[in-house]
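Here is a walk through a ligand site. Start with the ligand and work outwards.

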Amino acid sequence: MGVVASAPAKIILFGEHFVVYGEPAIVLAIDKRAYAKAELRNDKKLFIRSSNLNIAGIFENGNFKVEEGNPKEAKMRLEPLKCAAEKVLEISGEKVGLNIEVSSTVPVAAGLGSSAAVASAVAASVGALLNVKMTKEDVFRIAFEAEKIMHGTPSGVDPAISTFGGTLLFQMDTGFKPLDVKVDIPLVIGNTGVERLTRVQVSKVRSVRDKHPQIFEAILRTAREIVLRAIEALIEGDLETLGELMNFNHALLYGLSVSDESLEWLINSARKAGALGAKLTGAGGGGCMIALTDKDKLEKVLEAVQRSGGNAFIARKTDEGVRVEPS
Ligand code: PMV
C-alpha cells in the first residue's frame, strides 16, 4: 500500500531573476499538480520512476543504476528526488528501501516549477508513509535542498509556492508572506515548447550585472517598484493596472536578454488579442509566458496564443499547497 501526495505548479507573476538579487517576487500556485506515490520495499534500495518522463533508476550505496531512459537525463532528474526522500528517511531514523513513482501534469523545464512541485510531493509522500511528523516548513526546506541540486543557487521561490500554495510575496532575506488576494486572476499560460535550463538563464543575467552594474541597479529598483505597486493592485483587484505592470516587468526582462523569439511571438499575439498584459514567467529563454485577461476575453486570448504555436491553457489560482491525497 502506497501513500500519494501532490503539490501544485506555479507561475511567477512578478519579479523572476530580480528575486535572485534580493528583490521581492510575487508567485501564484496554479491548478496543475505533480503527484508522488511512495511505498516500502523489501530491501534497502531506493527505486524512483517518473512515468511521464519515462525514466527510472535505482540508488544503492551511493551508486545509481538506470532502469529506463537516457542514463544521464535519468540521473539528473532523479537525483534531487533521491535527495528529498533521503532527507525524510534521515528525519525518520528508519533504514528502509522505497519505491517512488512520480507523475505530473506540469510541463518540465518550462518555468512552471515542475521540479520543485515533484520534490515537495516526494517529501510529503515519504513522510506520510513513514509517519514522520513534518510541517510545511519542513517540506519546504527539503524541497529547497532538492532544488539546489537541480539549479545551483535557486532563490527558493519554487519550493515555497509548491509547498504553501496560494499567492506569496517572496524575498530571499525575509522569506515568504501570503498575500490575501480575493480577486480572480484569469490567466492564459502559453508554453513555447522550447526547453531551457534555469541556471543558464540566471548566469546570463549575472553577466549583464557584471558588465553594467549601475544600469543593473536601476533595473532592480524599477523591478522593486513594480512589485510594490502590484501588491496594491492585487489587493484592490485592479486587473488593468496589474496588466500594465506585467508589461513593464516583461520589458525589463527583455532588456536583460532572457526573453527569446518564441516567447515574444506568444506575448505579442496575446496582447493583440486583447490581453491586459503579458510577460514571460520563470527563467525565460523559452518555457512559458502568461497573459492576464478579462474573463470574457479568455477564450479569444487562448486561441490567439494557440494559433501562434503555443501549447496554451487557462489557469486558475489554487490555495492548496502540498497535500497527502486520501487513500
Ligand atoms: O523557470 P523557473 O521555474 O526555474 O524559475 C526561475 C526563477 C528565477 O528567478 C529565474 C530563478 C530563481 O531561482 O528564482
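Ala, Val, Leu, Ile, Met, Phe, Trp, Tyr, Cys and Pro count as nonpolar; Asp, Glu, Lys and Arg count as charged; the others, Gly among them, count as polar. By that scheme the shell around the ligand holds seven nonpolar, seven polar and four charged residues. The model is predicted: local features need pLDDT of at least 70, side-chain atom pairs count only at pLDDT 80 or more, and totals for chains, interfaces and linings use all residues. Numbering runs from 1 along each chain as its sequence is written, and side-chain values use heavy atoms, with hydrogens and water left out.

The shell has 18 residues (near means a heavy atom within 4 Å). Lys-10, Ser-155, Arg-196, Thr-198 and Ala-283 come nearest. Strand 1 (3-14), helix 4 (157-164) and helix 5 (198-211) each give the shell at least two residues. Helices (H or I, at least four residues) and strands (E, at least two) are DSSP runs, numbered from the N terminus. Domain 1 (3-180) and domain 2 (187-315) each contribute at least three shell residues. Those bounds come from an automatic or database domain assignment.

Now the polar contacts (pairs of N or O atoms within 3.5 Å). A side-chain N or O atom of Lys-10 lies 2.6 Å from a ligand oxygen. A polar backbone atom of His-17 is 2.9 Å from an oxygen atom of the ligand. For Gly-111, a polar backbone atom is 3.5 Å from a ligand oxygen. Taken alone, the ligand exposes 380 Å² (Shrake-Rupley method, 1.4 Å probe). The protein buries 95% of that.

Key. A polar contact is a pair of N or O atoms within 3.5 Å; within protein, one must be able to donate a hydrogen and the other to accept it, and residues adjacent in sequence count only if both atoms are side-chain atoms.
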